[in-house]
Amino acid sequence: MTLVEVLATLLLVTLVTGLIWTTISISSRSSVLETNKLRLQQEGNYISTEILRIHRTCKEYEFVITPNNVSVENCQIEKSQDRKRFSISEGFIYSMGDQMISPEGVRYDIEADFEDLEIEKFKITSPENTKLSITFPLIASRYKRST
């Protein structure tokens, strides 16, 4: 083998290795991004399902959104029972559309027999990548009692 053949072989091996490395790197980044998007969507579905369950179970409650937590307080299932607290979700950044929430949070006092919980733009943001978020309407309703 001549020196030119060896150099040509090294050049081809380097190009193929670089192409393979670039492909793996791009697919890995894409996979992480898609996994984080899916995680946000699953969290949104979980919050929607839980608040709907609580809305249909509790006669009255307070829905509380803070920047780091979504919870239900003072849930009264029956008149004779104690009021309960449920932490629905934490570990993400919560807001209402583009409006940031103060550290004290936002409270919705709901009497489920007579009113619905409606938040037009509930937003969940990934703490690792604040550019990655989902926004959806959060609605909980049930049949109302006539007054």
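Residues count as partly exposed when their relative accessible area falls between the buried limit, under 20%, and the exposed limit, over 50%. In this predicted model, Asn74 has 31% relative accessibility and therefore counts as partly exposed. Asn74 is located in strand β2, which spans residues 69–76. Its backbone is notable on one point: Asn74 is not a glycine, yet has a positive phi of about 55 degrees.

Aromatic contacts were examined next. Four aromatic pairs are present in the structure. One of them joins Phe92 and Tyr94. The ring centres of Phe92 and Tyr94 are 6.5 Å apart, the planes meet at 65 degrees, and the pair is edge-to-face. Both Phe92 and Tyr94 are buried.

Phe122 and Phe136 form another pair. Their ring centres are separated by 5.6 Å and their planes are at 70 degrees, so this pair is also edge-to-face. Phe122 belongs to strand β6 (residues 117–125), whereas Phe136 belongs to strand β7 (residues 133–140). The pair therefore ties together parts that lie 14 residues apart in sequence. Phe122 has 0% relative accessibility, so it counts as buried. Phe136 counts as buried because its relative accessibility is 15%.

The two pairs are not isolated from each other: Phe92, Tyr94, Phe122 and Phe136 form one aromatic cluster.

A charge-to-ring contact involves Arg53 and Phe86. The charged end of Arg53 sits over the Phe86 ring, at 5.8 Å from the ring centre.

Key. Residues are numbered from 1 along each chain as its sequence is written. This is a predicted model: local features need pLDDT of at least 70, side-chain atom pairs count only at pLDDT 80 or more; totals for chains, interfaces and linings use all residues. Side-chain values use heavy atoms; hydrogens and water are left out. Rings of Phe, Tyr and Trp (its six-membered ring) pair if their centres lie within 6.5 Å; planes under 30 degrees apart count as stacked, over 60 as edge-to-face and the rest as tilted. Buried means under 20% relative accessible area, exposed over 50%, partly exposed in between (1.4 Å probe, protein chains only). Helices (H or I, at least four residues) and strands (E, at least two) are DSSP runs, numbered from the N terminus. A charge sits over a ring if NZ of Lys or CZ of Arg is within 6 Å of the ring centre and within 35 degrees of the ring normal.
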